[in-house]
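Reader: I would like to learn how aromatic contacts are read from a set of coordinates. Could you take me through them step by step?

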Amino acid sequence: MRALAVRLAQALMLAASLLAGSAGAQQAPSFSIEQLDQMMAPIALYPDSLLSQVLMASTYPADVADAAKWSKANPNQKGDAALKAVDSQPWDPSVKSLVAFPQVLQTMGDKPDWVQNLGDAFLASSKDVLDSAQRLRAQAQKNGSLKTSEQQKVIVEQEPQTQQTVIKIEPANPEVVYVPSYNPTVVYGTWPYPAYPPYYYPPVAAYYPGAALATGIAFGVGVAATAALWGNCNWGGGNVNINASRYNSVNVNRQISGNSAFQHNAANRRGVPYRDSASQQRFGKDVAGADRRSDYRGRDTGRDAQRDQAQSQLRDRGMDPGQGRNELRNDPATRERAQSAADRTGRERQGAGDRQGAGDRQGAGDRQGAGNRQGAGDRQGPAGDRQGAGGRQGAGDRQAAGGRGGDNALRGAGDGGASARQQASRGEASRQSM
C-alpha cells in the first residue's frame, strides 16, 4: 500500500513538471533580445510618433507592399498631400499615414521579410519591442550619437507608471518631421551581439542629398505632416496609444471614440499568416482573406471552380457524385454492376480496334485461347495428348511439364490460366474506364 502511494506521488510530480514545462514553452518569446535589437536597430532612433506608425503598419505587410508601390509610382507625393491622395485606398489607416514619408515606405517596400518579422514581433509582445527601442536609444546616447539638434528634441525622463527612465524623441518643430538615417554600427558603438549584426538600410539619395553617415545621424528634407501622425509610444504601458482627435480628422470613414491603445485589425491582414501560435489563435480565426491562403501555395483555383460547377450540374440532374462514391465503396452489388459496365466498355474498345495497353493484348489472347480450346474439343478421339497440348497452346501456356496429362486435367489447367488472365484484363479495363 505504501509503495502504491509513493508511485502515485511520483506520477503527480512528473505530471506537474510536464505541465509547467508546457506552459513555459507556450509563453516563450517569439524573438530573442538579440533578434529584437537586430531588427529594431534601423528605426529605434525615429521620433516616437513616427516609430509608433511604423510598428502599427508593419502588422499589415500586404498593405505596406501595395503602399510602397504606389509611393514609388508617385514620387512627388509626400506629407499631408500624399495622405489625401490615398484616401480611397483600402489599406489600414496606419499604412496610409506612411505615404507622407516616402523614404520610409521605400525602405519597407524593399525589405518585406523584415517588415513581416517586425510586425509579428510587435503583435507577439509590443512591450518587448518598445523595450528594445529603449535599450538601443540608451546605447546611442552613451556613444554620443543621440542628442538634441535643430531637427529633434531628445528628452530623458522617468516614466510615472513604472518609474523607468525612458528616452523620448520628438520633432523640434511639431509641424515638421525629419526622418533620421544612420549606420547602426556607428551610432550604437560596439555591437553587443556579433552573431546578430544590426540591420542597416542605406539612405535613399533622393531624400538624403549629400548625407554623410560616417560620424552619426543624417537628416533629409523635413516633411510637413501634421495630420499623418496620430499614434505615440506609451513607454510605461508597453504599447502604442492613438490620439482619437487626430485619427478622426484624416480617417473620416473609420471613426473611433476616445483615445485608446492600438488594436490590430485582423481583417486587414489579407491572408498573410501569423508567426507564433498565440497570434494565430488570437487573430487567425475567421479572418477575411484567410480562404485565399491556398493561392499562395500554388492551388489551382480555376480547376477547383470547374470541378464544383460539374458537381453542381450533376446534382441538378438528380445525381450526387459523393453518394455514388459511397455506394460504390460500401455496396457489393453496386460494385459488381460498376465492374460489369467497365468490362463491357473494355470489350467495346477492343472491338473498335483499340490495341493500346497490356490489358487489350491480354483480352485478345483470352479470345484466341478460347478459340483454340474449342477447336481441340472438336477433335475428340485417341489423340487426347494432342488435344491437351492444343489446349495449353491456345491458352498461351508454354510450360513443358504436364504435356502428357489427361484431357480433363489439361483442359482444367488451361481454363484456369485463361480465367486468371481474363480477371486481370477486366481489372485493367475497369481502371481505364474509371
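Author: What follows is a short discussion of ring contacts and burial. The model is predicted, so local features need pLDDT of at least 70 and side-chain atom pairs count only at pLDDT 80 or more, while totals for chains, interfaces and linings use all residues. Residues are numbered from 1 along each chain as its sequence is written, and side-chain values use heavy atoms, with hydrogens and water left out.

Reader: How many aromatic pairs does a search of the whole structure find?

Author: Rings of Phe, Tyr and Trp (its six-membered ring) pair if their centres lie within 6.5 Å, and planes under 30 degrees apart count as stacked, over 60 as edge-to-face and the rest as tilted. By that rule the search finds eight aromatic pairs. One of them joins F122 and F262, whose planes stand at 35° with the centres 6.0 Å apart, so this pair is tilted. F122 belongs to helix α8 and F262 to the loop between β7 and α12, 140 residues apart; helices (H or I, at least four residues) and strands (E, at least two) are DSSP runs, numbered from the N terminus.

Reader: Is F122 buried or exposed?

Author: Buried means under 20% relative accessible area, exposed over 50%, and partly exposed in between, with a 1.4 Å probe and protein chains only. F122 is buried at 4%, and F262 is buried at 16%.

Reader: What kind of aromatic pair do W230 and Y247 form?

Author: W230 and Y247 form an edge-to-face pair, with 4.9 Å from centre to centre and 85° between the planes. Both W230 and Y247 are buried.
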